[in-house]
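Q: Hey, could you walk me through this structure? I'm new to this, so plain words please.

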Amino acid sequence: MLTELTIKDFAIIDEITITFREGLTVLTGETGAGKSIIIDAIQLLTGGRGSVEFVRYGANKATLEGLFTIDEPSHPIYKKGKTFGIEIDTDGMIVLNRTITANGKSICRVNGNLVTLAILKEFGKTLIDIHTQHETQSLMDVDRHIELLDMYNKESIDEVKADYNILYQKLHTLKKRYQKLNDNEQEMAQRLDLLRFQLNELQEADLSPGEDETLEEERKKLMNHEKIYKGVNEAYEALNGEQRALDWLGLALSGLETASEYEKGLAEKKEGFSNHFYLIEELSYDLRHYLDSLEFDSERLNFLESRLNDISRLKKKYGFTVDDMLEYAAKIEDEIDEIQDRDTSLGKLGAEIEEIGQDALVEARHLHDLRSQAAKQLKLAIQQELQDLYLEKATFEVDIKTKKTKPNEPESKSIPVQLTPNGFDIIRFLISTNPGEPIKEMNKVASGGELSRIMLALKNIFAKHQGATSVIFDEIDTGVSGRVAQAIAEKIHGISTGSQVLCITHLPQVAAMADTHLLIEKNVSEQRTSTTVDELSTESRVMEIGRMVTGSELTETSKVHARELIALANKSKE
């Protein structure tokens with residue numbers, strides 16, 4: 001849930017910090033007080049499109065920060081964190097931060113880590129689902145209806161979908177290879193010439209595994225010949241030169257041998273010292289032998305430089321290391337064989353496509369059957385929701401169509417459908433709000449008030465499946481009143497039992513259902529406008545809802561009506 005929101009120098013907001021609670025939080029206030037500005041701030045915080053116009057006049061930047069807390073260990077936000085390398089502690093706290101500067105730059109952070117706007121949006125849509133009067137996001141997006149239907153029957157569909165996706169990816173890869181190999185003969189001939197040239201160049205280079213690393217090490221040794229000789233010689237001279245460290249160590253050993261004859265406790269120390277002495281003595285012989293064998297070969301150095309230059313030139317074309325280039329050579333050798341034996345290769349690929357395609361088709365049909373079952377259940381559930389919202393004459397349908405195979409597809413002869421990452425189904429949610437009217441896409445047949453109720457019905461069904469911890473409704477209750485308004489209020493509160501809900505409303509029925517009621521007001525001081533947010537007490541709520549009832553002056557009658565609404569709302573909650 002969204003626990004805390006801080007907004008600074010944003011539009012007409014100077015600086016405010018709002019603490020949110022679980023359940024239904026209602027935001028009310030006069031038109032223009034800044035209610036929607038707060039929603040705009042949340043939209044930008046979660047990856048919405050920004051503008052310098054949001055920066056408060058006279059300020060250098062606008063700053064938005066939100067603290068979210070996650071109670072569910074399996075929430076998708078943790079997977080999102082791993083995907084983008086953002087650490088999320090087990091306490092489930094996520095901080096989103098966004099700064100918009102006066103010159104239009106946008107700086108985004110997740111848990112203190114700088115991220116792109118696209119990544120911020122990925123986190124945002126996992127945490128918050130925003131619905132406005134004019135934008136109903138995924139619920140009205142036809143392309144996402146198949147995803148929503150799968151969410152509705154998630155337990156049954158996920159496993160089958162995972163099996164299908166494995167087969168689909170194999171099929172997709174095979175089809176790409178088939179298409180590439182099946183290109184026209186001129187392109188294949190040009191491709192073959194290029195591959196032969198590359199293979200010949202790599203074979204003539206006569207590369208050995210790890211050769212670049214070995215040659216680099218040898219070149220380093222030759223280029224630093226003098227430093228190596230000087231260092232080893234200094235070590236040898238210290239042991240056997242004028243200072244003769246070995247002679248002094250020999251005297252020390254002799255002294256310990258003499259003393260140990262009279263003190264048995266020294267025998268162990270003498271033995272240990274003796275072992276080290278002979279090791280150092282042997283090391284000095286090795287150093288002498290190394291110095292005698294150390295030679296500088298200028299011709300060898302020139303050869304190494306030339307060979308490494310040749311390898312470096314090849315690396316620019318074929319790989320970062322010699323091993324990469326050898327791997328590439330093997331790969332193009334296989335491709336050359338495949339092109340040279342094109343007809344046979346096409347036949348093998350076609351057979352593989354046929355086999356994998358048939359397996360994928362079986363899983364796709366299984367998906368289709370599961371979706372058909374889920375569609376019947378969803379239709380009944382939505383129909384009930386619409387009746388609760390006094391759209392009892394509306395008809396909801398889940399339209400399932402089959403995607404036909406494109407011409408010239410390798411599998412088109414035996415597979416009569418077009419397989420996609422989601423199977424072969426095309427899913428659309430359709431509705432008719434009045435008897436006799438044709439069923440069409442939702443946003444093409446509904447009025448503003450009807451669309452609000454349809455969206456709310458869908459949201460009530462899908463809220464628990466979409467995973468967002470917070471749901472925001474911005475004046476979606478526009479255009480309704482009376483018993484419909486009461487039904488909407490109850491539905492919104494129903495959603496808040498499973499997700500935190502923030503709702504901007506002008507309906508007293510919705511305000512009365514609030515678990516927390518925030519009043520947004522606009523103030524003018526020293527010729528500057530600012531917005532304030534206050535949590536209302538019980539009596540203050542009565543006065544605010546009373547004003548919402550009358551639309552103007554507060555009267556005793558409206559206060560009585562407000563108390564009745566609150567009492568009815570409390571009874572409804574129980």
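A: Here is a chat through a few parts of the structure.

A: This is a predicted model, where local features need pLDDT of at least 70, side-chain atom pairs count only at pLDDT 80 or more, and totals for chains, interfaces and linings use all residues. Residues are numbered from 1 along each chain as its sequence is written, and side-chain values use heavy atoms, with hydrogens and water left out.

Q: Cool. What can you tell me about strand E13, is it buried or exposed?

A: Strand E13 covers residues 500-504, and 5 of its 5 residues are buried, so it is largely enclosed by the rest of the structure. Buried means under 20% relative accessible area, exposed means over 50%, and partly exposed is in between (1.4 Å probe, protein chains only). Strands (E, at least two residues) and helices (H or I, at least four) are DSSP runs numbered from the N terminus.

Q: Which way do the residues of E13 point?

A: Gln500, Leu502 and Ile504 point one way, while Val501 and Cys503 point the other way.

Q: And which strands pair with E13 in the parallel sense?

A: Strand E3 (residues 24-28) does, over 4 bridges, and strand E12 (residues 470-474) does too, over 5 bridges. Two strands pair if DSSP finds at least two bridges between them. On the E3 side, Leu27 has Ile504 as its bridge partner; on the E12 side, Phe473 is partnered with Cys503.

Q: What about Thr25, where does that sit?

A: Thr25 lies in strand E3. It counts as buried because its relative accessibility is 1%.

Q: What does Thr25 touch?

A: Leaving aside neighbours within four places in sequence, Thr25 is in contact with Phe20, Val501, Leu502, Cys503, Thr516 and Leu518. Contact means heavy atoms within 4.5 Å.

Q: Switching topic: what's the strand order in the open sheet of 6 strands?

A: The order is E2-E1-E4-E5-E6-E7, with antiparallel pairing. Strand E2 (13-19) and strand E7 (113-115) are the edge strands, so called because each pairs on one side only.

Q: Which helix packs on that sheet?

A: Helix H1 (residues 35-45) does, touching strand E1 (2-10), E2, strand E4 (61-69) and E5. The direction of H1 makes about 105° with that of E1. Axes are lines fitted to C-alpha atoms, for helices over the stretch in contact, and angles run from 0 to 180 degrees between N-to-C directions.

Q: How many bridges join E5 to E6?

A: There are 5, between residues 93-101 of E5 and residues 106-110 of E6. In one of them, Ile100 has Ser106 as its partner.

Q: Now pockets! How big is the second largest pocket in volume?

A: The second largest pocket has a volume of about 320 Å³. Of the 16 residues lining that pocket, the closest to its centre are Gly29, Glu30, Glu544, Arg547 and Met548. A pocket here is an open set of points on a 1 Å grid over the protein atoms alone, where a 1.4 Å probe fits, with protein on both sides within 12 Å along at least five of seven lines; lining residues have an atom within 4 Å of a point. A volume is the space filled by probe spheres set on the points.

Q: Which element gives the largest share of the lining?

A: E14 does, with 4 residues.

Q: Last one: is Lys220 buried or exposed?

A: Lys220 counts as exposed, because its relative accessibility is 53%. Lys220 is found in helix H7 (residues 211-223).
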